[in-house]
Amino acid sequence: MHSTAIRTACGKSVFVETDTKVSAFGGLMAAMHHLRTCGVLGKVYDALLGTLPDRGQQGKVKHSAKDLLTQRLMGLMVGKEDLCDTDQLAADPGFMLAIGRDRLASTATLSRFEQKARRSACGPSGHQCEDRETEEDDG
């Protein structure tokens, strides 16, 4: 068994055993670090969080809108656009480390969040978004 020590920006060491599967998303940690340090992630949050719907009863909420947005964005970054991939992502220690959480929101929670966000952006019927999509297709 061969292990390699990697020093993080915080001075902590992470040991990686090369003969076992550690993560399919090792590059996501570097990408997240870059997005955080250069301020891109903060700008995305600033632009989107104010437009997202209320998360409901605060005593029952386990994941903030920022947590859900981060989980969804990072899932898209690794090519997992289907919400049904949540269990696979939660089982990957590299994904969990990059996200900075010990637990992911469930598929059902993400689905409700996306539906509320779409209704908030497009109105209850969704016609405003459909009109925009039709105009883009015609353009």
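A residue is called buried here when its relative accessible area is under 20%, exposed when over 50%, and partly exposed in between (1.4 Å probe, protein chains only). The model is predicted, so local features need pLDDT of at least 70 and side-chain atom pairs count only at pLDDT 80 or more, while totals for chains, interfaces and linings use all residues. Residues are numbered from 1 along each chain as its sequence is written, and side-chain values use heavy atoms, with hydrogens and water left out.

**Whole chain.** Start with the protein chain in cartoon view. Seven helices and two strands are present, in the order β-β-α-α-α-α-α-α-α from the N terminus. Helices (H or I, at least four residues) and strands (E, at least two) are DSSP runs, numbered from the N terminus. Of the 139 residues, 29% count as buried. Switch to a surface: about 9300 Å² is exposed, and carbon and sulfur atoms supply 52% of it; these areas come from the Shrake-Rupley method with a 1.4 Å probe.

**Phe25 and Phe95.** Select both side chains next. Phe95 is buried, at 0% relative accessible area, and Phe25 is buried as well, at 11%. Rings of Phe, Tyr and Trp (its six-membered ring) pair if their centres lie within 6.5 Å; planes under 30 degrees apart are stacked, over 60 edge-to-face and the rest tilted. One aromatic pair meets this rule. The ring centres of Phe25 and Phe95 are 6.0 Å apart and the planes stand at 70 degrees, so the pair is edge-to-face. Phe25 sits in the loop between β2 (13-17) and α1 (26-37), and Phe95 in helix α5 (residues 93-99), so the pair ties together parts 70 residues apart in sequence.

**α3 against α6.** Now select residues 65-77 (α3) and 107-122 (α6), which pack at about 100 degrees with their axes 11 Å apart. Axes are lines fitted to C-alpha atoms, for helices over the stretch in contact, and angles run from 0 to 180 degrees between N-to-C directions. The two helices are therefore roughly perpendicular (65 to 115 degrees; under 35 is roughly parallel, over 145 roughly antiparallel, the rest oblique). Show the side chains in contact (heavy atoms within 4.5 Å): Ala65, Leu68, Leu69, Gln71 and Arg72 of α3, with Thr109, Leu110, Phe113 and Glu114 of α6.

**Met77.** Stay on helix α3 and pick Met77. Met77 is partly exposed, with a relative accessible area of 42%. Leaving aside residues up to four places away in sequence, Met77 touches Leu28, Ala31 and Leu35. For a last distance, take Met77 to Met32: 10.0 Å C-alpha to C-alpha, across 45 residues of sequence.
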